[in-house]
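Student: I should like a close look at a single part of this structure, namely the surroundings of a bound ligand. Please set that part in the context of the rest of the model.

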Amino acid sequence: MGIVRVYCEDVMSEVLRVGVAGLGTVGAETVRLLRLRREDLARRAGRPIELVAVSARDRSKDRGVDLAGVAWEDDAVALARRDDVDLVCELIGGSEGPARTLVETALSAGKSVVTANKALLAHHGTALAKTAEAGGVTLAYEAAVAGGIPIIRALRQGLVANSIGRVYGILNGTCNYILSAMRDTGRAFDDVLAEAQELGYAEADPSFDVDGIDAAHKLSLLAALVFGREVDFDGVHIEGIRPISPLDIAYAEEFGFRIKLLGIAEEAPEGVRQRVHPCMVRKDAPIAQVEGVFNAVVAEGDAVGTTLFLGRGAGAGPTASAVIGDIVDVAAGRRAPVFGIAAAELRAARPAPMEALEGRYYVRLMVIDRPGVLADVTAILRDEHVSMESMLQQGRDPMEKVPVALTTHEVDEASMRRALDKIARLDAVLEPPAMIRIVEL
Ligand SMILES: NC(=O)C1=CN([C@@H]2O[C@H](COP(=O)(O)OP(=O)(O)OC[C@H]3O[C@@H](n4cnc5c(N)ncnc54)[C@H](O)[C@@H]3O)[C@@H](O)[C@H]2O)C=CC1
Ligand SMILES: N[C@@H](CC=O)C(=O)O
Ligand code: NA
């Protein structure tokens with residue numbers, strides 16, 4: 001059995017020399033905070049932490065941080081090869097390209113790495129963890145999941161006594177910001193997305209945010225940590241928030257729900273089910289109160305019960321806060337296996353299919369308002385053993401399409417999908433049905 005030392009006492013007294021690659025939203029704030037809190041961080045780490053080198057795309061850009069006396073590398077990977085760099089901080093982003101090469105090169109050279117890059121870890125996390133652990137160095141990624149919330153530490157160390165059956169949360173600040181603003185102000189999707197981009201919340205490619213990919217990256221890391229399995233990004237069922245319309249937001253309120261993009265990882269008889277999709281959650285559920293750029297993570301442990309972690313999930317300050325926490329851990333000699341147990345001991349991924357999921361559903365149709373339409377819809381639901389809980393039809397105009405919204409009792413996803421396929425083929429149903437899962441939390 002591979003044993004990985006969790007805490008090491010032999011904290012060195014010399015300076016920890018840091019190289020930072022990427023000086024954008026997160027990198028520039030990390031550099032600023034490292035400088036600002038230099039003395040206190042040294043006291044807390046037990047030794048000084050010094051920024052010795054940086055790399056970014058454009059050397060001439062003014063980032064509002066003082067880089068006097070700091071070496072510049074045009075090629076980020078060169079940071080990993082410098083003899084005067086002990087720790088590489090990767091804040092470039094992307095699952096391939098310079099970020100991946102930099103991290104691989106640094107770990108192979110026996111240097112610890114701190115990264116905020118969930119895309120990289122979602123695709124290559126297991127292999128990178130093996131490289132780090134084989135070299136006896138750290139690969140730390142607190143900033144990669146739920147921004148400033150110290151959730152990786154909490155799950156890996158604080159909740160270690162528990163068997164956790166389910167972990168879920170609001171894992172993308174951009175989406176939560178958009179959904180909150182759409183509900184509160186009725187503003188248009190694109191308009192709010194542009195604002196989230198300006199605030200530094202969104203990914204370089206914002207479709208990663210709105211299509212649920214970023215939340216899925218983060219969920220796959222939480223699932224590996226909680227369930228002791230290899231990172232399985234490909235096993236995540238992913239749906240984003242683009243199809244959510246103001247109409248569905250209004251119906252949600254009417255039914256007593258709020259719409260949130262959740263990432264949920266849970267043990268199921270078939271394995272581990274990982275899913276990211278918009279959810280209708282009860283208006284009075286704690287997670288329904290989480291608004292704007294805030295993230296929340298809930299872990300359900302057998303000993304502790306339900307724990308809720310709340311904080312800002314994106315933006316310069318919250319993310320740099322997490323990056324610096326990891327740097328100080330390395331400086332202080334605190335080490336932990338990347339995914340909680342030795343990477344070589346992680347079990348193979350075993351994704352549970354969505355079709356077997358049992359749950360309730362919200363469905364909204366746009367139909368021609370003529371006699372018999374609702375009878376056709378309910379007949380299909382009956383044939384597929386989908387039991388309807390309630391139905392709302394607002395407005396009556398035989399010349400126009402009208403919305404019809406309904407909620408169901410518990411049913412398996414396979415039956416629900418079959419019913420929706422048949423309903424979509426009815427002549428009087430004018431648009432693909434909108435379906436949002438109702439999640440009991
Ligand atoms: N912005 C946020 O709120 C959060 C971001 N993250 C992650 O942090 C990382 C950085 O994100 P941001 O700072 O928002 O991105 P950004 O786009 O603001 O900054 C990226 C930086 O990388 C540099 N860069 C690009 N290609 C490079 C190359 N080949 N060599 C050297 N430098 C290069 C750019 O010049 C820029 O300074 C990403 O992995 C992102 O997913 C994680 C949590 C929150
Ligand atoms: N784009 C991400 C940034 C943090 O991971 C988000 O919006 O949550
Ligand atoms: Na975090």
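Tutor: In this predicted model, the shell around ligand 1 draws at least three residues from each of two domains, domain 1 (16-148 + 319-345) and domain 2 (159-312). In total, 28 residues surround ligand 1, and the closest are G22, G24, R57, G93 and A314. Helix 1 (residues 25-36) supplies the largest share of this shell, namely three residues. Sorted by class, the shell around ligand 1 comprises 14 nonpolar, 11 polar and three charged residues.

The surroundings of ligand 2 may be set beside this description. Ligand 2 is surrounded by G147, N172, G173, T174, Y201, A202, E203, D209, D214, G313 and A314. A314 thus belongs to the shell of ligand 2 and is also among the closest residues to ligand 1. The class composition of the shell around ligand 2 is three nonpolar, five polar and three charged residues.

Two elements of the chain deserve comment here. The first topic is the loop between strand 6 (139-140) and helix 6 (151-158), in which A146 is placed. A146 has a phi near 55°, a positive value in a residue other than glycine. With 31 C-beta neighbours inside 10 Å, where 20 or more are required, A146 counts as buried. The second topic is helix 10 (residues 213-227), whose 15 residues should span 21 Å at 1.5 Å a residue; the end C-alpha atoms are 21 Å apart, so expectation and model agree. Helix 10 is mostly covered, with 15 of its 15 residues buried. Just after helix 10, G228 takes a positive phi of about 65°.

The wider domain arrangement gives the context. The protein is divided into domain 1 (16-148 + 319-345), domain 2 (159-312) and domain 3 (354-438). Between the C-alpha centres of domain 2 and domain 3 the separation is 25 Å. Contacts between these two domains involve 18 residues of domain 2 and 13 residues of domain 3. On the side of domain 2 that touches domain 3, the elements giving two or more residues are helix 11 (246-255), strand 9 (257-268) and strand 10 (271-282). Strand 10 gives the largest share of that side, six residues. By class, the same side of domain 2 has 10 nonpolar, three polar and five charged residues.

A further backbone feature is found at H385, in the loop between helix 13 (373-383) and strand 14 (388-393). H385 has a positive phi of about 60° although it is not a glycine. Because H385 has 12 C-beta neighbours inside 10 Å, and 12 or fewer is the criterion, it counts as exposed. A146 and H385 therefore both combine a positive phi with a residue other than glycine, yet A146 counts as buried and H385 as exposed.

Finally, the confidence values should be kept in view. The mean pLDDT of the protein is 95, and 96% of its residues reach 70 or more. Over residues 1-11, pLDDT stays under 50, and the model has 18 contacts beyond four places in sequence for this stretch. The scores of the model are ipTM 0.99 and pTM 0.96.

Note on methods. Residues numbered from 1 in each chain as written. Chains lettered and ligands numbered in written order. Predicted model: local features only at pLDDT ≥ 70, side-chain atom pairs only at ≥ 80, totals over all residues. Near = placed C-beta within 6 Å. Helix = DSSP H or I, 4+ residues; strand = E, 2+ residues; numbered from the N terminus. Nonpolar A, V, L, I, M, F, W, Y, C, P; charged D, E, K, R; others polar. Domains from an automatic or database assignment. Expected span 1.5 Å × (residues − 1). pLDDT = per-residue confidence, 0-100. Contact = placed C-beta atoms within 7 Å.
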